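Welcome, and thanks for taking a look at this one with me. Below are a few numbered points to help you find your way around.

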Amino acid sequence: MVDGILADDVLADLNDPQREAATYGTGPLLIVAGAGTGKTTTLAHRVAHLIATGVDPGRILLLTFTRRASAEMLRRVDGILRERDRAGVSRKVWGGTFHAVATRILRRHGKKIGLAPDFTILDRTDSEDLMQVVRTDLGLGETKGKAGRSRREQDETRFPLKGTCLNIYSRAVNTQQSLKQVLQKDFPWCEEHEDKLKQLFSAYVDRKEEASILDYDDLLLFWRALLQDEDGRQQLAEKFDCVLVDEYQDTNTVQADILRGLSPTGRGVTVVGDDAQSIYSFRAADVRNILDFPDQFPGTKVIKLEQNYRSSQPILDATNAIISGATKRHHKQLWSDHKQGDPPQMILCNDDDEQTEFLVDRILTHRESGLKLQQQAVLFRASHHSISLEVELGRRNIPFHKYGGLKFVETAHVKDMLAYLRLAENPRDIVSGMRVLMLLPGIGQVKARGLLDILTENRGDFSCWRDVSPPKAAMDDWPLFVALMRGLGDPKAKKSVVGDQMHRVRRFYAPLLKGKYDNSRERERDLEQLELVAARFKDRMEFIAEMSLDPPSSTQDLATDPSLDEEHLILSTIHSAKGLEWNVVYVLHATDGNIPSQQAVGDTDQIDEERRLFYVALTRAKESLYVTMPQRYYSQSWNRSDRHSYAQPSRFLTKEAREHFDERMAFPSIGNEEEDSADATRQVRESIKGMWS
DNA sequence: GTCACAGAAATTTTT
DNA sequence: TTTCTGTGAC
């Protein structure tokens with residue numbers, strides 16, 4: 001390249017450490033980037049700089065946490081390069097999540113380690129389904145067989161549910177620990193089942209192999225295996241000159257191994273992250289990856305970004321105070337040029353309803369003063385925390401998009417539809433096969449298994465099902481079903497437009513849907529949306545993989561054409577808000593039990609992670625920050641006999657932290673004082689009682 | 001073998 | 001609110 005270094009005017013937007021990071025040479029580089037310090041900008045400039053100095057874009061690998069993040073990054077790279085007439089080259093960059101890139105690589109090179117290229121991918125719920133199949137096969141869930149069923153035995157803990165089993169399995173695999181260690185540390189109540197869990201997991205692994213399916217963990221494991229295979233390594237290690245990893249604090253041991261496999265000396269490796277924002281340890285992410293990076297790769301250059309461009313100083317003061325309570329951390333002091341601004345507000349509400357009322361009120365006030373809804377975001381710890389807000393927004397016709405929580409593709413009817421395509425793509429995929437067959441009346445687990453065995457014997461040719469005589473109840477549907485599958489399985493159909501295939505499935509499936517759900521009309525509309533999405537894909541396999549690896553993140557993303565999209569408010573779990581920013585941020589339910597979550601107060605590591613989570617939430621705000629907390633929770637659940645309970649503010653809002661907040665009631669009380677004081681004494685009693693329950 | 005029902009138990013965050 | 005297991009009718 002004759003260009004040499006990128007023009008000064010492009011790099012002039014960067015501050016000194018950012019510029020140093022963007023232009024640093026090929027040695028291992030660690031960029032420690034605090035919240036809002038221009039991490040994305042820096043990384044984008046680094047990629048642009050690499051390309052401008054002659055690195056082949058096709059030999060750059062950019063690993064991000066979500067596909068959205070990598071798309072955004074590459075868009076900015078293009079923006080920077082446009083001035084050099086090189087716009088568009090970034091399309092050649094290998095960008096995406098670890099899992100998405102693993103899929104591409106394994107399809108192409110997996111043969112080396114004995115992997116068929118047409119594997120299908122299990123998402124979280126599919127993996128649970130398979131776990132359940134194996135679990136019942138081995139008779140592990142049963143409780144009735146126990147002789148006598150004495151009280152003693154009833155007290156014995158039941159075998160863990162499928163979700164828990166998968167958590168245990170995944171944790172062992174991703175942390176590379178023995179089952180015993182994992183059980184001891186994270187699942188002590190399951191320790192007595194160690195032997196049976198071993199049986200279960202080994203059968204689970206076998207099943208996946210027979211069916212030619214990979215779960216999320218497998219994608220990483222096999223990529224790593226490929227890098228450890230001598231042949232594979234040669235081909236792959238030489239594939240990339242530069243590897244950049246974003247959000248490195250949230251990678252796990254296997255991902256770190258992959259990085260080492262790609263570049264054993266660290267040549268060409270850049271990682272970016274912030275240990276204060278590590279919030280995925282539940283998924284086996286290990287902060288030590290980023291903390292120990294300089295030891296792993298001798299000669300690492302460390303560059304710290306500490307100037308915050310996002311938030312006003314009053315907000316930074318508050319967030320600095322919150323994170324300073326952490327027991328272990330890499331010291332950083334964020335500062336901003338943006339000195340002016342309102343202090344963050346801590347809002348006390350009577351209950352959930354009042355919180356909702358306050359939020360809607362405030363959101364509209366900001367809207368009236370000219371701030372678009374997209375520039376405001378409501379963040380919460382758990383997906384269900386926003387339910388009452390969603391209802392109210394709906395009632396008032398305020399459009400919103402919700403991120404996190406149950407995704408569109410995880411709903412039963414969407415999974416059903418996709419299962420037809422997946423079975424057609426990979427007839428050995430027993431998860432999809434069982435799902436599809438059991439939709440037919442009269443076919444249950446046993447029949448479904450038998451039918452799949454026949455299919456395997458006939459090498460996946462769906463014609464073999466024509467000769468089967470189905471149970472009476474399925475008599476009408478069966479020929480149609482077989483015709484559908486034969487059509488989809490035909491090699492010619494494989495290449496036909498994915499939208500058309502989806503349409504055929506929908507015609508068959510819609511009547512079944514009617515009988516299965518009472519809100520079938522609504523669900524049918526979802527399926528129409530799905531068909532539209534499918535129509536955007538040329539390749540069926542790609543479509544299916546995409547739906548497992550990178551599903552549309554909000555239901556509304558699908559329902560509306562992005563180009564015609566109307567103004568909308570953002571609701572998001574804190575986890576899904578990572579890396580994003582808004583002018584106004586509201587953090588809901590900042591009470592103990594919610595933040596930190598009741599389930600995560602076991603040890604200091606967990607509590608620290610919850611603190612970082614709270615920190616991530618607060619640091620999303622640019623100008624205004626509201627932290628709201630209901631004081632009273634009504635519980636009509638089976639669990640509690642009392643009708644309501646009182647909540648304390650989050651323990652992270654310590655006295656010192658609160659000095660940086662304006663504290664007030666959402667709606668100053670106008671009720672009669674007697675009731676208030678009665679409430680106050682009740683609150684004391686309740687909270688004392690709470691200490692023993 | 002399948003299905004519908006009942007009673008009990010669990011309940012975060014996500015590639 | 002859903003998920004899981006056991007039971008009994010078909």
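1. Let's begin with helix 19, residues 412-425, in what is a predicted model. The helix has 14 residues, and at 1.5 Å a residue these should span 20 Å. The C-alpha atoms at its ends are 20 Å apart, which agrees with that expectation.

2. How many of the 14 residues of helix 19 are buried? The count is 13, so helix 19 is largely enclosed by the rest of the structure.

3. Stepping back to the whole of chain A, you will find 30 helices and 18 strands. Chain A has 693 residues, and 52% of them count as buried. The area that chain A exposes is about 32600 Å², with carbon and sulfur atoms supplying 48% of it. Take the contacts between residues at least 6 apart in sequence: 78% of these join residues at least 24 apart.

4. Aromatic rings are worth a visit next. A search of the whole structure turns up 21 aromatic pairs. One of them is formed by Tyr169 and Phe201, edge-to-face, with 5.4 Å from centre to centre and 65° between the planes. This pair links distant parts of the chain, as Tyr169 belongs to helix 8 (residues 162-175) and Phe201 to helix 10 (residues 194-211), 32 residues apart. Both Tyr169 and Phe201 are buried.

5. Please also look at the aromatic cluster made up of Tyr420, Phe462, Trp465, Trp478, Phe481, Phe508 and Tyr509. Tyr420 should sound familiar in one respect: helix 19 covers residues 412-425.

6. Which rings have a charge over them? One is the ring of Trp94, where the charged end of Arg104 sits 3.9 Å from the ring centre. Another is Phe65: Lys578 lies over its face, at 3.6 Å from the centre of the ring.

7. Finally, a single residue to zoom in on: Thr300, in the loop between helix 15 (293-296) and strand 8 (301-305). Is Thr300 buried or exposed? Its relative accessibility is 16%, so Thr300 counts as buried, the cut-off being under 20%. The side chain of Thr300 reaches the backbone oxygen of Phe297 at 2.5 Å. Leaving aside residues up to four places away in sequence, Thr300 touches Pro28, Leu29, Leu30, Phe293 and Pro294.

How values were computed: Residues numbered from 1 in each chain as written. Chains lettered and ligands numbered in written order. Predicted model: local features only at pLDDT ≥ 70, side-chain atom pairs only at ≥ 80, totals over all residues. Heavy atoms only, no water. Helix = DSSP H or I, 4+ residues; strand = E, 2+ residues; numbered from the N terminus. Expected span 1.5 Å × (residues − 1). Buried < 20%, exposed > 50% of the residue type's maximum accessible area, 1.4 Å probe, protein only. Phe/Tyr/Trp six-rings, centres within 6.5 Å; stacked < 30°, edge-to-face > 60°. Lys NZ or Arg CZ within 6 Å of the ring centre and 35° of its normal. Contact = heavy atoms within 4.5 Å. Areas by Shrake-Rupley, 256 points an atom, 1.4 Å probe, with all protein chains shown as cover. Polar contact = N/O pair within 3.5 Å; in protein donor to acceptor, adjacent residues only side chain to side chain.
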